[in-house]
Amino acid sequence: MKKQLTIVLLIALTLPLTAQIVPSASVDPKVDGIFSNQEYPVVEQLRGMTMGYALSGDGQTLHFALQAPTKGWVSIGLGSNRMQGAHIVIGFDALTSQTISEETGRGHSHSPSRDKIVKQQAIKESGNTTTLEFSVPASLYAGGSELRMILAYGTRDDLRSKHSTYASHTIPFTK
């Protein structure tokens, strides 16, 4: 009984924290590879890339979008301002097929992750722009005071070529 009460208490304490992560969207973003105006309550420009993020209306899901001026791959890494230790979502649209992979940053490289946290995902290339959208459980990042991230893109349709542009970013959680 005491163990069950402790678990219930921990869950109850975690849920209010998810609402403090980032602003909620009035309507949850549609994860379709299209970065629409007003879809994300927070939009930031970072080194030629446009990133958006939102907390779902129910406070359970974080949505991310990254639009980059490339016909190659784009990525967002969560949990670190460097590749090392980041949970990286990377993908490309080769027009005949789309590829999205969850990777773990190791040093200055990455490899497929055993942990699969992405709930929804989409990637789309249009003209000279590629857009990656995905969602993850908010509870994974609710325990801290910020979410560290890396963003990058490359010029090729693969998961291993070096980035041509990258940026680090930190989302401070609101209280």
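## The open sheet

In this predicted model, six strands (DSSP runs of E with at least two residues, numbered from the N terminus) make up an open sheet whose order is E7-E6-E5-E4-E10-E11, with antiparallel pairing; two strands count as paired if DSSP finds at least two bridges between them. Strand E7 (109-112) and strand E11 (165-172) stand at the edges with a single partner strand each, so one side of each is left without a neighbour in the sheet. On average, neighbouring strands of this sheet are turned by 25° against each other, direction ignored, the axes being lines fitted to C-alpha atoms and angles between N-to-C directions running from 0 to 180 degrees.

Within this order, strand E5 (residues 87-93) and strand E6 (residues 98-106) run antiparallel and are joined by seven bridges; His-87 stands opposite Thr-104 in E6.

## The E8-E9 hairpin and Ser-135

Strand E8 (residues 120-126) is likewise antiparallel to E9, to which seven bridges join it, and Glu-125 stands opposite Thr-130 in E9. The two strands E8 and E9 form a hairpin with two residues between them, and Gly-127 in the turn has a positive phi of about 65°.

Ser-135 lies in strand E9 and, at 1% relative accessibility, counts as buried (under 20% relative accessible area, with exposed meaning over 50% and partly exposed in between, for a 1.4 Å probe and protein chains only). Not counting residues up to four places away in sequence, Ser-135 is in contact (heavy atoms within 4.5 Å) with Thr-61, Leu-62, His-63, Ile-117, Val-118, Lys-119 and Gln-120.

## Nonpolar cores

A nonpolar core is a set of buried Ala, Val, Leu, Ile, Met, Phe, Trp, Tyr and Cys residues joined through side-chain atoms within 4.5 Å. The largest one has 30 residues, of which Phe-64, Leu-78, Phe-134, Val-136 and Met-149 touch the most other members. Among the strands that each supply at least two residues of this core are E3 (61-68), E9 (129-137) and E10 (146-153). A second, separate core of eight residues includes Ala-86, Ile-88, Ile-150 and Ala-152.

## Confidence and conventions

The mean pLDDT (the predictor's confidence in each residue, from 0 to 100) is 87, and 87% of the residues reach 70 or more. Over residues 1-19 the pLDDT is below 50, and this stretch has 10 contacts in the model beyond near neighbours in sequence. Where pLDDT is low, the predicted coordinates should not be read in detail.

Residues are numbered from 1 along each chain as its sequence is written, and side-chain values use heavy atoms, leaving out hydrogens and water. Local features need pLDDT of at least 70 and side-chain atom pairs count only at pLDDT 80 or more, whereas totals for chains, interfaces and linings use all residues.

How values were computed. Helices (H or I, at least four residues) and strands (E, at least two) are DSSP runs, numbered from the N terminus.
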